[in-house]
Amino acid sequence: MTNSTIEDKTKESRRSGAGPSSSVSGQSNEPGPDCPLCPRLKNYRDANRAQHPHWFNAPVYSFGPIDAQLVIVGLAPGLQGANRTGRPFTGDFAGDLLYGTLVEFGFAQGSYEARPDDGLMLIDCRITNAVRCVPPQNKPLPAEIKTCRTFFNATLDEMPRLRAIVMLGRVAHDSTLKTLGIRAPDAPFAHGAEFQAGAVRLFDSYHCSRYNTNTRRLTPEMFRAVFTSVRKYIG
Ligand code: SF4
């Protein structure tokens, strides 16, 4: 699968009218703050807005430069993390491990203080989610993952120098494969697995959630090993 194929697929979705629109969000390739495409997630958003009016409570946009060579794909905003603060992986435990590791490997600069105005900068790295809106119990439905793939697809499509994708967990893995048009049996999910997809190399990792680290399914050393490979590949 090549970058040109990714581009073609995205153009197709835009032509269909289902794709992202700069007229909706004010930013190209991201949904508007009141995106209605997933009714269950919209209702959850409305409920969270009523209960926590000072939280962000909207689709969370990708973070980091468009011309980055690396993109990291998560699942969806955490209720009290990105959904509260408005920046991916910011405000809950998953960000501690992710941003600490990114700083260690030179993909981020500054200090992560769990708030979007902490001045942390991503270097040659971008972070996005397979699903832009927080789902109840952190579990998006297959139809919601599919619907939001329009925006995920556009995120990859707008990155002209993209060479590496780190997929955090199975949902990110599966959605990335579908976006790139790769058959699931050709790239089975496994922590530490790598796949070449045309000009882009895919790296699998368990998600850096508190649950996975508390249960030792993912240790900081295992996470570092993935980024050691990524750094070696990107140079
Ligand atoms: S998950 Fe994506 S497609 Fe669904 S409502 Fe949110 S932004 Fe829209």
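User: What makes D124 count as partly exposed in this predicted model?

Analyst: The count of its neighbours decides. D124 has 17 C-beta neighbours inside 10 Å. A residue is buried at 20 or more and exposed at 12 or fewer, so 17 puts D124 in between, as partly exposed.

User: Where does D124 lie, and what is its phi?

Analyst: D124 lies in the loop between β3 (121-122) and β4. Its phi is positive, about 55°, although D124 is not a glycine. As background, most residues other than glycine have a negative phi.

User: Why is F89 called buried?

Analyst: F89 has 28 other C-beta atoms within 10 Å. The cut-off for buried is 20 or more, therefore F89 is buried. You can find F89 in the loop between α4 (82-85) and α5 (93-104). F89 has a positive phi too, near 55°, and is a residue other than glycine.

User: How do you know that strand β4 is mostly covered?

Analyst: In β4 (residues 125-129), 5 of its 5 residues are buried. The side chains go both ways: C125, I127 and N129 point one way from β4, while R126 and T128 point the other way. Residues on both sides are buried. This fits a general pattern: in a regular strand the side chains alternate between the two faces of the sheet.

User: What makes β4 and β1 a pair?

Analyst: Two strands pair if there are at least two bridges between them. Strand β1 (residues 70-74) and β4 have 5 bridges, in the parallel sense, and that satisfies the cut-off. One example is G74, whose bridge partner in β4 is N129.

User: Why are β4 and β6 called edge strands?

Analyst: Let's look at the whole sheet. It is an open sheet of 5 strands in the order β4-β1-β5-β7-β6. Each of β4 and β6 (194-197) pairs on one side only, and that makes them the edges. From one strand to the next, the twist averages 20°.

User: What makes the pairing in this sheet mixed?

Analyst: Compare two of its pairs. β1 and β4 are parallel, whereas β6 and strand β7 (residues 200-205) pair in the antiparallel sense over 4 bridges. With both senses present, the pairing is mixed. Within the antiparallel pair, Q196 has R201 in β7 as its bridge partner.

User: Which helix packs on the sheet, and which strands does that helix touch?

Analyst: Helix α9 (residues 220-234) packs there, touching β1, β5 (164-168), β6 and β7. The direction of α9 makes about 170° with that of β7.

User: Which residues come nearest to the ligand?

Analyst: P31, C35, C38, C133 and C148 come nearest, out of 14 residues around the ligand. Two elements, α3 (39-51) and α6 (142-157), give two or more residues to this shell. The most come from α6, with 4 residues.

User: How many residues of each class are in the shell around the ligand?

Analyst: The shell has 10 nonpolar, 1 polar and 3 charged residues. Cysteine and proline count as nonpolar, so P31, C35, C38, C133 and C148 belong to the nonpolar class.

User: How confident is the predictor, and where is the pLDDT below 50?

Analyst: The mean pLDDT of the chain is 90, and 88% of its residues reach 70 or more. Over residues 1-26, however, the pLDDT is below 50. This stretch has 41 contacts in the model beyond near neighbours in sequence. A word of care: where pLDDT is low, the predicted coordinates should not be read in detail.

Technical notes
Residues are numbered from 1 along each chain as its sequence is written. This is a predicted model: local features need pLDDT of at least 70, side-chain atom pairs count only at pLDDT 80 or more; totals for chains, interfaces and linings use all residues. pLDDT is the predictor's confidence in each residue, from 0 to 100. Two residues are in contact if their C-beta atoms, placed from the backbone, lie within 7 Å. A residue is near a molecule or strand if its C-beta atom, placed from the backbone, lies within 6 Å of it. Axes are lines fitted to C-alpha atoms, for helices over the stretch in contact, and angles run from 0 to 180 degrees between N-to-C directions.
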